[in-house]
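Me: I'd like a close look at one part of this model rather than a tour of the whole thing. Could you pick out the salt bridges and walk me through them?

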Amino acid sequence: MARRYDSRTTIFSPEGRLYQVEYAMEAISHAGTALGILADDGIVLAAEKKVTSKLLEQSASAEKVYVLNDTMACAVAGITADANTLITYARQQAQQYLYTYGEEIPAELLVQRMCDLKQGYTQYGGLRPFGVSFLYAGWDSHFGFQLYHSDPSGNYSGWKATCIGANSSNAQSILKQDYKETGMTLANAKSLAVKVLAKTMDSTTLGSDKLEFATVSKGKDGKIAFHLFSAEEIDQLLKDENVAQFKEEES
C-alpha cells in the first residue's frame with residue numbers, strides 16, 4: 001500500500017501519513033549520534049563523528065557542531081550537505097534580525113524561522129524534505145539558556161536534555177534516569193554527555209577522532225561564549241571521566 005503514496009511528499013496515504021517525511025526521519029536514525037544537555041549555567045552539545053577511513057584527513061573545523069550567531073550554536077544529525085544549506089539560511093536570518101533591530105535574534109524565533117522553511121519542503125511538489133535534524137543551544141534575555149530540537153517535518157520542541165541520531169532511544173533512557181532537575185552544572189552536564197556517548201556509541205573505544213564537544217555558556221565578562229573543544233581537551237575530558245569504566249559496565 002505504501003508504494004502508491006510514497007513517491008511524493010504532497011500526497012497523504014489513506015492512513016494520513018506522509019511517507020517521504022517518515023523516510024527522512026528514518027535516515028536520521030542511522031546518522032551519528034548528537035545530544036544536548038541544558039544546565040543551570042550553560043548548555044553542552046556533543047556529537048559522534050563517523051570516521052569512514054583512517055586515510056581521511058581530519059578537518060580542523062567541526063562537521064557536526066556549528067555556530068549560528070553570537071548567542072546560538074547547533075548540532076546536526078543526518079545529511080551534512082542538507083545541514084550546510086540550512087545553517088547558511090539560519091545565519092542569514094540571524095544577521096538580518098541583528099541589522100534590523102540592533103539586537104540578537106531570540107532563540108526560539110530563529111528556530112521557528114528554520115522550521116517554517118523545513119515545513120515548506122514537505123508541502124510543495126517537486127521538493128524533498130531536508131534529511132537532517134538539529135539540536136539548537138542558545139541564550140536570550142527573555143528565557144535565558146534554551147535547548148530545542150527540530151526534525152524534517154518542521155516540528156520543534158524545547159528540551160532539558162535530548163538525543164538524535166543512532167541509538168537515540170537508549171541515550172534518552174539514560175538521560176531520563178541521570179538528568180538532575182535542580183543543581184545541574186555545566187561540569188555535571190559534560191560528565192553526563194560523556195557517559196551517554198560511552199554507553200550508546202557502537203565504537204569500542206572513544207577518542208577525539210570520533211567525538212565533537214562544545215559548550216554555550218556565559219564568560220567572565222557576562223557575554224555568551226561558544227567553546228568548541230580541541231582534540232587535546234576532548235581526550236583530557238574522556239580521561240577525567242574514566243570512560244573505560246563505562247565501557248566495562250556496559251560489557
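Reply: Here is a walk through the salt bridges, followed by a short look at some charged and buried spots elsewhere.

Keep in mind that this is a predicted model. The structure holds four salt bridges, and I'll take you through three of them, starting with D82 and R128. Their side chains meet at 2.9 Å, N to O. This pair links distant parts of the chain, 46 residues apart: D82 sits in helix α2 (residues 80-101), while R128 is in the loop between α3 (107-120) and β5. The two partners don't share the same kind of setting, because D82 counts as buried at 9% relative accessibility, whereas R128, at 46%, counts as partly exposed.

Next up is K160 with E181, where the closest N and O atoms are 2.6 Å apart. Again, distant parts of the chain are linked: K160 belongs to the loop between β7 and β8 (161-164), and E181 to the loop between α4 (168-178) and α5, 21 residues apart. K160 is partly exposed, with a relative accessible area of 42%, and E181 counts as exposed at 54%.

Then there's D178 with K195, a salt bridge at 2.5 Å, N to O. D178 is in helix α4 and K195 in helix α5, so the pair ties together parts that are 17 residues apart in sequence. D178 is partly exposed, its relative accessible area being 22%.

Some acidic residues show up in another setting. D209, E232, E233 and D235 form a negative surface patch. Of these, D209 lies in the loop between α5 (186-200) and β9 (211-218), and its relative accessible area of 37% makes it partly exposed.

For a buried counterpoint, try P152, in the loop between β6 (144-150) and β7 (156-158). P152 has a relative accessible area of 0%, so it is buried. Leaving aside neighbours within four places in sequence, its contacts include A24, M25, I28, K118 and F130. The C-alpha atoms of P152 and E22 are 8.6 Å apart, although their places lie 130 residues apart along the chain. Two of those contacts, A24 and I28, are themselves buried, along with Y19 and V21, in helix α1 (residues 19-28). Among the elements covering the buried residues of α1 are β4 (72-78) and β5 (132-140).

How values were computed
Residues numbered from 1 in each chain as written. Predicted model: local features only at pLDDT ≥ 70, side-chain atom pairs only at ≥ 80, totals over all residues. Heavy atoms only, no water. Patch = residues over 30% accessible without salt bridge, like charges linked within 9 Å, V, L, I, M, F, W, Y side chains within 5 Å. Areas by Shrake-Rupley, 256 points an atom, 1.4 Å probe, with all protein chains shown as cover. Lys, Arg positive; Asp, Glu negative; His and termini not counted. Charge placed at Lys NZ, Arg CZ, Asp CG, Glu CD. Helix = DSSP H or I, 4+ residues; strand = E, 2+ residues; numbered from the N terminus. Buried < 20%, exposed > 50% of the residue type's maximum accessible area, 1.4 Å probe, protein only. Contact = heavy atoms within 4.5 Å.
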